[in-house]
Amino acid sequence: MAGESQADCLFCKIVAGDVPATVVRESETTLAFRDINPQAPTHVLVIPKAHYPDAASLAAGAPELAADVLREAGEVAAQEKIAAEEGVPSKGYRIVFNTGAGAGQTVWHAHAHVLGGRGLNWPPG
Ligand code: AMP
Ligand code: ZN
């Protein structure tokens, strides 16, 4: 059932503490930890503790939880000092939800990538 922990899900195992992760923030409903294969100087994943397979099913099934994830992504950016600053052109960050295998999704538990600390090309590859 949507929202319930899945025994075969890597990120559910991280939430349960069965797989280690470098946690940078935690709230009642979310967890933020460093990506094991970082694509930028700051690369943090923000996940709902409850299991939803992707961002769209999270937003449809638990809109307040989707908002929690987005708010925590912003808090991670502030904490990591990558948030936009007036007069500092190199600052700013990207929140990415890869959705579907063709878009690069490999873990089927919704997660926001928070990327920053370097120039970010647009459009992304
Ligand atoms: P995606 O490809 O968008 O589904 O993102 C999954 C992300 O999870 C990738 O960027 C992986 O590097 C990352 N990842 C996989 N296993 C772990 C892990 N054990 N701890 C932290 N990040 C992980
Ligand atoms: Zn899961």
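Before I start: "buried" means under 20% relative accessible area, and "exposed" means over 50%. I also jot down that this is a predicted model.

**Entry 1: the cysteines**

I looked up Cys9 to try out that cut-off. Cys9 has a relative accessible area of 7%, so with the limit at 20% it counts as buried. Cys12 comes out at 5%, so I put Cys12 down as buried too. Are there any disulfides to note, and how many? I found 0 disulfides in the structure. Next I wanted to know what the sulfur atoms of Cys9 and Cys12 do coordinate, and that took me to ligand 2, the zinc ion.

**Entry 2: the zinc ion**

Which atoms coordinate the zinc ion (ligand 2)? I noted SG of Cys9, SG of Cys12, ND1 of His51 and ND1 of His109, at 2.1 to 2.3 Å. Along the chain, I can write the spacing of these donors as C-x2-C-x38-H-x57-H. Then I checked where two of them sit: Cys12 is in helix H1 (residues 10-16), while His109 is in the loop between strand E4 (93-96) and strand E5 (112-116). The pair therefore ties together parts that are 97 residues apart in sequence.

Why do I call the arrangement tetrahedral? The 4 donor atoms around the zinc ion subtend angles of 107 to 115°, and the label needs all angles to lie between 85 and 135 degrees. So tetrahedral goes in the notebook.

**Entry 3: the two histidines**

I went back to His51 and His109. I located His51 in the loop between strand E3 (42-48) and helix H2 (55-61). Buried or exposed? His51 is buried, at 10% relative accessible area. His109 is buried as well, and its value is 0%. I also spotted a polar contact between the side chains of His51 and His109, at 3.3 Å.

**Entry 4: ligand 1**

How many residues surround ligand 1? I have 15 written down, and the closest are Asp35, Asn98, Gly104, Thr106 and His113. I looked at three of these in turn.

- Asp35: an N or O atom of its side chain is 2.5 Å from an oxygen atom of ligand 1.
- Thr106: here a polar backbone atom is 2.7 Å from an oxygen atom of the ligand.
- His113: a polar side-chain atom lies 2.8 Å from an oxygen atom of ligand 1.

How much of ligand 1 does the protein bury? Taken alone, ligand 1 exposes 510 Å², and the protein buries 84% of that.

**Entry 5: two backbone oddments**

I checked the peptide bond from Trp122 to Pro123, and it is cis, with omega near 0°. I placed Pro123 in the segment after E5.

Lys81 got a note for its phi, which is near 60°: a positive value in a residue other than glycine. Where is Lys81? I found Lys81 in the loop between helix H3 (63-79) and E4. Its relative accessibility is 61%, so Lys81 counts as exposed.

**Entry 6: Gly17**

Last lookup of the day. Gly17 is in the loop between H1 and strand E1 (23-26). With a relative accessible area of 56%, Gly17 is exposed. I also looked up how far Gly17 is from Ala78: their C-alpha atoms are separated by 26 Å, and the two residues are 61 residues apart along the chain.

How values were computed. Residues numbered from 1 in each chain as written. Chains lettered and ligands numbered in written order. Predicted model: local features only at pLDDT ≥ 70, side-chain atom pairs only at ≥ 80, totals over all residues. Heavy atoms only, no water. Disulfide = S-S within 2.5 Å. Buried < 20%, exposed > 50% of the residue type's maximum accessible area, 1.4 Å probe, protein only. Donors = N, O, S within 2.8 Å, 3.2 Å for Na, K, Ca; no water. Tetrahedral: all angles 85-135°; square planar, octahedral: opposite > 155°, others 65-115°. Helix = DSSP H or I, 4+ residues; strand = E, 2+ residues; numbered from the N terminus. Near = heavy atom within 4 Å. Polar contact = N/O pair within 3.5 Å; in protein donor to acceptor, adjacent residues only side chain to side chain. Areas by Shrake-Rupley, 256 points an atom, 1.4 Å probe, with all protein chains shown as cover.
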